[in-house]
Structures are given as C-alpha cells and as structure tokens.
Amino acid sequence: MTDPANALVSFQEAFNRGEITLRPGVLDPTLLLTVDDSNGVVRFTHVRIVGRTVVALVLFIEADRVDGVPCLQLGYAVHPAHRNRGRGKEIVEAAIAEMRHGLLRHDQKAFYLEAVVGTDNVPSQRIAALTLSPSPVERTDMVSGQPALQYLRKVE
C-alpha cells in the first residue's frame, strides 16, 4: 500500500518551492487540481489549501479495468492538524464530483473507483465506507503484502 500521507508531504514541499500549478475545480473553485505524470501514469491530484498549507489531498491514478470499465485508484490524506473535522470525507466527495464531471465532458459515462486501505487504518476505512462502499472485500495488498480492505464503487 502506498501511504497518501507521504504524497501530501511531498506535494506540500513541491508547492512551497513553486513547482506546482493549480487550477480551480469547475464545480467547486475552492478545490484545486493539478494533473501530472507519475511514472508513466496520469495522476489527478485535488487539494484544499488554507493559507499556504495543504490541509487535504485526493489522488486518482489509473488502475486495471473492472468488467471492462475504466477504474481509478483513489488515495487521500488529511494534514494531522486538520483531522477529525470531516475534511477527509468532504474532499473525497468533492474530488469524485469533479472527476465525474470531467470524465462526462469526455464522454466517459461510467468508471470505477477503488481504495485499498490497511486493516489498521480505521479513519481511512470510515471515509472509504462513507464515500465508496460500506461493504469492503478483505484482501492482501499486492505492494506491501499486508492485510487490507478493498473498497470499490461504480460511478455513473
């Protein structure tokens, strides 16, 4: 499993150095977006920023298709000083809405979202259950070999 908290720290550092160009969301202009290439895979990153602090981040990366339908791997993180305030659920919902809107503009009417969450990460499990599916599937993470829960949702 890749820890999106590490991505939040890296994103904050690159943002501080002025290396990231952000544009406002179409549906929610306070949700900022950048698109880049992560090791040959397109990555969509949505963030909320307060002052100069990235308080929450959502990543979408192309994953294997599900039943022939495109699938995006979803990762999210909230800055430690901003946790337990509903920011995780809020940014995931807003980012999903922006992604759906953007894909619809390109005639992609349906796609899956997948989150793989460690069995020890209860806060992320709560967010995934609220935004993706209340019924995860137990599995072993292919990257870490650790026990995990897979949350899958078809967005139409």
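**Figure 1. The largest cavity and its lining.** A cavity is a set of grid points where a 1.4 Å probe fits but cannot get out. In this predicted model, a search of the whole structure finds one cavity of 30 Å³ or more. The largest cavity holds about 30 Å³ of space. Its lining is formed by Arg100, Leu104, Gln108, Lys109, Ala110, Phe111, Val155 and Glu156. Sorted by class, these lining residues comprise four nonpolar, one polar and three charged residues.

**Figure 2. The largest pocket.** The space in the largest pocket amounts to about 1400 Å³. Its lining consists of 46 residues, and those closest to the centre of the pocket are Thr2, Pro4, Leu74, Gly75 and Val116. Helix α1 (4-16) contributes at least two residues to this lining, as do β4, β5, α2, β6 and α3. The classes represented are 21 nonpolar, twelve polar and 13 charged residues.

**Figure 3. The second largest pocket.** This pocket has a volume of about 270 Å³. It is lined by 15 residues, and Arg23, Leu33, Glu98, Gly102 and Arg105 lie nearest its centre. At least two lining residues come from each of β1 (23-24), β2 (32-38), β3 (41-50) and α2. With six residues, α2 provides the largest share of the lining. Seven of the lining residues are nonpolar, five are polar and three are charged.

**Figure 4. The largest nonpolar core.** The largest nonpolar core comprises 25 residues, and Val58, Phe60, Tyr76 and Leu113 are those with the most contacts inside it. At least two core residues are supplied by each of β4 (53-66), β5 (69-78), α2 (87-105), β6 (111-118), α3 and β8 (147-155). The largest share, seven residues, belongs to α2. Apart from neighbours within four places in sequence, leucine 113 is in contact with Phe60, Cys71, Leu72, Ile96, Leu132, Tyr151, Leu152, Arg153 and Val155. A second core, separate from this one, has eight residues, among them Phe15, Val54, Leu57 and Ala77.

**Figure 5. Methionine 99 in helix α2.** Methionine 99 is placed in helix α2. Its relative accessibility is 5%, and methionine 99 therefore counts as buried, a class that requires a value under 20%. Beyond its neighbours within four places in sequence, methionine 99 is in contact with Phe44, His46, Phe60, Leu72 and Phe111. One of these partners, histidine 46, is 53 residues away from methionine 99 in sequence, while the C-alpha atoms of the two residues are 9.6 Å apart in space.

**Figure 6. Serine 133 and its surroundings.** The loop between α3 (122-131) and β7 (137-140) contains serine 133. Serine 133 has a relative accessible area of 11%, so this residue is buried. A polar atom of the serine 133 side chain lies 3.0 Å from the backbone nitrogen of serine 135. Residues up to four places away in sequence being left out, serine 133 touches Ala128, Tyr151 and Leu152. Of these, Tyr151 and Leu152 are also in contact with leucine 113, the subject of part of Figure 4.

**Figure 7. Asparagine 84, a residue with positive phi.** Asparagine 84 is located in the loop between β5 and α2. Although asparagine 84 is not a glycine, its phi is positive, at about 65°. The relative accessible area of asparagine 84 is 81%; because exposed means over 50%, this residue is classed as exposed.

**Figure 8. Aspartate 107, in the loop between α2 and β6.** This loop is the place of aspartate 107. Phi of aspartate 107 is near 65°, which is a positive value in a residue other than glycine. Is aspartate 107 buried or exposed? With a relative accessibility of 61%, aspartate 107 counts as exposed.

Note on methods
Residues numbered from 1 in each chain as written. Predicted model: local features only at pLDDT ≥ 70, side-chain atom pairs only at ≥ 80, totals over all residues. Heavy atoms only, no water. 1 Å grid on protein atoms, 1.4 Å probe; cavity = no way out; pocket = protein on both sides within 12 Å on 5 of 7 lines; lining within 4 Å. Points joined across faces, edges and corners; volume = space filled by probe spheres on them. Nonpolar A, V, L, I, M, F, W, Y, C, P; charged D, E, K, R; others polar. Helix = DSSP H or I, 4+ residues; strand = E, 2+ residues; numbered from the N terminus. Buried < 20%, exposed > 50% of the residue type's maximum accessible area, 1.4 Å probe, protein only. Polar contact = N/O pair within 3.5 Å; in protein donor to acceptor, adjacent residues only side chain to side chain. Contact = heavy atoms within 4.5 Å. Core = buried A, V, L, I, M, F, W, Y, C linked by side-chain atoms within 4.5 Å.
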